[in-house]
Amino acid sequence: MNTYVLTVTCKSTRGIVAAISGFLAERGCNIIDSSQFDDLDTGKFFMRVSFISEEGAERTALIPAFQPIAERFAMDWDIFDAKDRMKVLLMVSRFGHCLNDLLYRWRIGALSIDIVGVVSNHFDYQKLVVNNDIPFHHIKVTKDNKPQAEAQLMEVVETSGTELIVLARYMQVLSDQLCQKMSGKIINIHHSFLPSFKGANPYKQAYTRGVKLIGATAHYVTADLDEGPIIEQDTVRITHAQSPDDYVSLGRDVESQVLARAIHAHIHHRTFINGNRTVVFPPSPGSYASERMG
């Protein structure tokens, strides 16, 4: 039996769910998980259906068969084979906590992705990456060579078949052109102190102000720096007894967890961009257990 995921975005109207469920039933498919959302503000409808083809139907047969329904409701849609692993390119600068965490989750199977390479503007993690049998690409970035550096990056993306770029604490700003070209396919992570504590050492600034919550935000990258649609966030409580170093340590932990959860949601097709926001459906029962390793 083959397992698939159908994702749908369209204008909200009557009959969508009935049409989808009827289509699947007629083709010997059994729905194992379904989530939907009507945005009353925008009038848009979002749906994710995980289903099993009990008759062994191939994706190549299901797609043309579903096309008339998609056209009737003017859907933005796709059908994904659940066994296919998304090709992911990681990017990092000199903070390696997120990179280390993602490599560990990937190595133990908690993140079912194919890491096609790691790009960095430094050599700090070259040995780590190579020791995991992953291609390492050093692309130096300066004020004067950014267009050339991004051209190198896009060459890596295209030759590796990259489907998702993850900025695992990559500290260079991507151009508007690249953000638009890879729209919805770049995820970034940062602390949630913005816009209050900008610039160098935000954790020290937060300590000085007596902040009691440390948080992290994972979002899709847009031309507006750190303002793309948010996928995942979390916080951790701190007390007056903790030091600036404690703030940094706790911040690294929550950043790593939030980024992993955001990637998990994206690769399982649970995220939908909805203007400046996102619709993120909860994981299917059992699919999220491997990520709760804290």
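## Histidine 219 and its surroundings

Let's start inside strand E10, which spans residues 213-220 and holds histidine 219. The model here is a predicted one. With a relative accessible area of 2%, histidine 219 counts as buried, because that value falls under 20%.

What does the side chain of histidine 219 join through a polar contact? The partner is the side chain of histidine 190, at 3.4 Å. Setting aside residues up to four places away in sequence, histidine 219 also touches a run of others: Ile186, Ile187 and Asn188 are among them, as are Glu227, Gly228, Pro229, Ile230 and Ile231. His190 and Asp226 belong to that list of touched residues too.

## Aspartate 226, the annotated site

Asp226 deserves its own stop on the tour, since UniProt places the feature "active site" there, in an unreviewed entry. Aspartate 226 sits in the loop that runs between E10 and strand E11, the latter covering residues 230-237.

Is aspartate 226 buried or partly exposed? Its relative accessible area is 28%, so aspartate 226 is partly exposed, lying between the 20% and 50% limits. Histidine 219, which touches Asp226, is by contrast buried.

## Lysine 212, just ahead of E10

On the other side of E10 we find lysine 212, in the loop between helix H7 (202-208) and that strand. Lysine 212 is partly exposed, with a relative accessible area of 41%.

Its side chain reaches the backbone oxygen of glycine 210 at 2.9 Å. Leaving out neighbours within four places in sequence, the contacts of lysine 212 are Val236, Arg237, Ile238 and His240. A helpful distance for orientation is the one to threonine 235: the two residues are 23 apart along the chain, and their C-alpha atoms are separated by 9.9 Å.

## The N-terminal annotation

Moving to another part of the chain, the unreviewed UniProt entry carries the annotation "domain: ACT" for residues 5-84. In the model, that span is 31% helix and 42% strand. The C-alpha atoms at the two ends of residues 5-84 lie 11 Å apart.

## The largest pocket

How much space lies in the largest pocket? The answer is about 1,200 Å³. Its lining is made up of 48 residues, and Phe80, Met86, His266, His269 and Thr271 are the closest to the pocket's centre. Several elements give two or more residues to this lining: strands E1 (2-11), E3 (44-53), E4 (76-81) and E12 (271-274), together with helices H6 (176-181) and H8 (244-267).

The largest share of the pocket lining comes from E4, with 6 residues. Sorted by class, the lining of the largest pocket has 18 polar, 16 nonpolar and 14 charged residues.

## An enclosed cavity

The structure also holds 1 cavity of 30 Å³ or more, and about 100 Å³ of space lies in the largest cavity. Which element provides the largest share of its lining? Helix H5, residues 146-160, does so with 4 residues.

If you would like to pick out the lining of this cavity in the structure, look for Met91, Val119, Ile139, Val141, Lys146, Ala149, Glu150, Leu153, Tyr170, Gln172, Val173 and Leu174. By class, these lining residues divide into 9 nonpolar, 2 charged and 1 polar.

Conventions. Residues numbered from 1 in each chain as written. Predicted model: local features only at pLDDT ≥ 70, side-chain atom pairs only at ≥ 80, totals over all residues. Heavy atoms only, no water. 1 Å grid on protein atoms, 1.4 Å probe; cavity = no way out; pocket = protein on both sides within 12 Å on 5 of 7 lines; lining within 4 Å. Points joined across faces, edges and corners; volume = space filled by probe spheres on them. Nonpolar A, V, L, I, M, F, W, Y, C, P; charged D, E, K, R; others polar. Buried < 20%, exposed > 50% of the residue type's maximum accessible area, 1.4 Å probe, protein only. Polar contact = N/O pair within 3.5 Å; in protein donor to acceptor, adjacent residues only side chain to side chain. Contact = heavy atoms within 4.5 Å. UniProt positions renumbered as here; feature names shortened; annotations may be inferred.
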